[in-house]
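Reader: I should like to learn how the features of a protein model are read. Would you guide me through one example?

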Amino acid sequence: MLKSPSGGAGHGIAATDSRLLSIGAVLNVLREEFPDITISKIRFLESEGLVEPQRTPSGYRKFSAQDVERLGHVLRMQRDHYLPLKVIREHLDAMERGEAVALPPLGRQRDGEAVLEPAERRTVARIGRAQLLAAAEIGEQELEEWESYGLITPLPDGAYDAEAVTVASLVAELGRFGIEPRHLRVMKGAADREAGLVDQVVAPLRRHRNPQTRAHAEARAKELAGLTVKLHAALVQTALGVRLP
């Protein structure tokens with residue numbers, strides 16, 4: 001069993017229960033295998049619903065052995081298989097139901113040892129120009145204009161990252177409210193600066209000799225990207241005085 005049978009974070013417990021660990025104690029346990037783990041990372045995984053520690057009456061987190069085991073599974077799936085948190089959650093839920101879970105391969109094999117592929121050698125999901133136009137329901141003229149403002153950028157071979165469909169659809173939707181592509185340059189600039197900040201944080205890990213550490217850099221970049229998106233959305237909502245559903 002991976003998940004604590006405690007009933008989740010909403011149930012108070014006795015603070016003196018010696019079978020449960022504080023978040024600091026959990027950090028020390030996990031650091032033996034994951035030296036880069038931080039308290040902020042554990043709290044982030046909790047916020048994403050991947051672990052549900054119990055709480056003392058005063059609000060302190062208390063983790064069971066099952067919680068620690070679950071965190072270990074999450075961190076290994078990120079480090080060794082490059083899985084996003086949504087997929088990891090699905091795998092863990094399946095494991096709890098007793099189902100067999102097939103994980104992606106670790107990478108190449110050398111002398112019987114798994115060797116992780118560098119991030120730059122992994123395949124990026126991509127689509128062609130015609131597919132992008134059809135999926136986003138836009139014309140050539142619109143796409144050319146958006147490219148001129150840097151909102152969408154083709155890959156070196158002329159194809160596009162699959163995420164370009166999402167960008168194109170959102171740009172088109174904003175256009176229906178009178179927001180033109182030239183108005184969105186400020187958002188593109190902010191996104192580039194945020195990406196640069198994430199790159200600064202993970203750059204030392206990406207340059208590391210250990211392939212597993214480089215793989216950890218990819219997982220860290222994804223998490224930081226998710227956090228920056230959430231912060232950006234919260235700041236916009238705060239500035240406008242609105243709350244999205």
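Author: The dialogue below takes the chain as a whole, then a pocket, salt bridges, a helix and backbone angles. Please keep in mind that the model is predicted.

Reader: What helices and strands does the protein chain have, and what share of the residues counts as buried?

Author: The protein chain has nine helices and six strands. Of its 245 residues, 33% count as buried. One may also ask how far apart in sequence the contacting residues are. Among contacts between residues at least 6 apart in sequence, 57% join residues at least 24 apart.

Reader: How is a pocket found, and what volume does the largest pocket have?

Author: Rolling a probe the size of a water molecule over the atoms shows where empty space is left. In this structure the largest pocket has a volume of about 2000 Å³.

Reader: Which residues lie nearest the centre of the largest pocket, and which elements supply its lining?

Author: The lining consists of 41 residues, and Glu163, Val167, Leu170, Ala191 and Val229 lie nearest the centre. Strand 6 (160–161), helix 7 (163–175), helix 8 (185–206) and helix 9 (211–240) each supply at least two lining residues. Helix 9 gives the largest share, with 11 residues. Sorted by class, the lining has 24 nonpolar, six polar and 11 charged residues.

Reader: How many salt bridges does the structure hold?

Author: A salt bridge is recognised when a side-chain nitrogen of Lys or Arg lies within 4 Å of a carboxyl oxygen of Asp or Glu. The structure holds 12 salt bridges. In one of them, glutamate 48 pairs with lysine 230, and the closest N and O atoms are 2.2 Å apart. This pair links distant parts of the chain, 182 residues apart: glutamate 48 is in the loop between helix 2 (39–47) and strand 1 (54–55), while lysine 230 is in helix 9. Lysine 230 counts as partly exposed because its relative accessibility is 45%.

Reader: Is glutamate 46, in its salt bridge with arginine 55, buried or exposed?

Author: The cut-off for buried is under 20% relative accessible area. Glutamate 46 has 15% relative accessibility and therefore counts as buried. Arginine 55, at 23%, counts as partly exposed. Their side chains meet with an N to O distance of 3.3 Å.

A further salt bridge joins arginine 182 to glutamate 180, with the closest N and O atoms 2.8 Å apart. Arginine 182 is partly exposed, with a relative accessible area of 41%, and glutamate 180 is also partly exposed, at 37%. Elsewhere, salt bridges that share partners join Glu46, Arg55 and Arg61 into one network.

Reader: What span does helix 4 reach, and which of its residues are buried?

Author: One compares the distance between the end C-alpha atoms with the expected span. Helix 4 (residues 85–96) has 12 residues and reaches 16 Å, close to the 16 Å expected at 1.5 Å a residue. Leu85, Ile88, His91, Leu92 and Ala94 are buried in this helix. Their cover includes helix 2 and helix 3 (65–81).

Reader: Where do positive phi values appear?

Author: Most residues other than glycine have a negative phi. Glutamate 137 nevertheless has a positive phi, near 60 degrees. Glutamate 137 is placed in the loop between helix 5 (129–136) and helix 6 (140–148). With a relative accessible area of 72%, glutamate 137 is exposed. Glycine 98, just after helix 4, takes a positive phi of about 85 degrees.

How values were computed. Residues are numbered from 1 along each chain as its sequence is written. This is a predicted model: local features need pLDDT of at least 70, side-chain atom pairs count only at pLDDT 80 or more; totals for chains, interfaces and linings use all residues. Side-chain values use heavy atoms; hydrogens and water are left out. On a 1 Å grid over the protein atoms alone, a cavity is a set of points where a 1.4 Å probe fits but cannot get out, and a pocket is an open set with protein on both sides within 12 Å along at least five of seven lines; lining residues have an atom within 4 Å of a point. Grid points are joined across faces, edges and corners, and a volume is the space filled by probe spheres set on the points. Helices (H or I, at least four residues) and strands (E, at least two) are DSSP runs, numbered from the N terminus. Ala, Val, Leu, Ile, Met, Phe, Trp, Tyr, Cys and Pro count as nonpolar, Asp, Glu, Lys and Arg as charged, and the others, Gly among them, as polar. Buried means under 20% relative accessible area, exposed over 50%, partly exposed in between (1.4 Å probe, protein chains only). The expected span of a helix is 1.5 Å times one less than its number of residues. Contact means heavy atoms within 4.5 Å.
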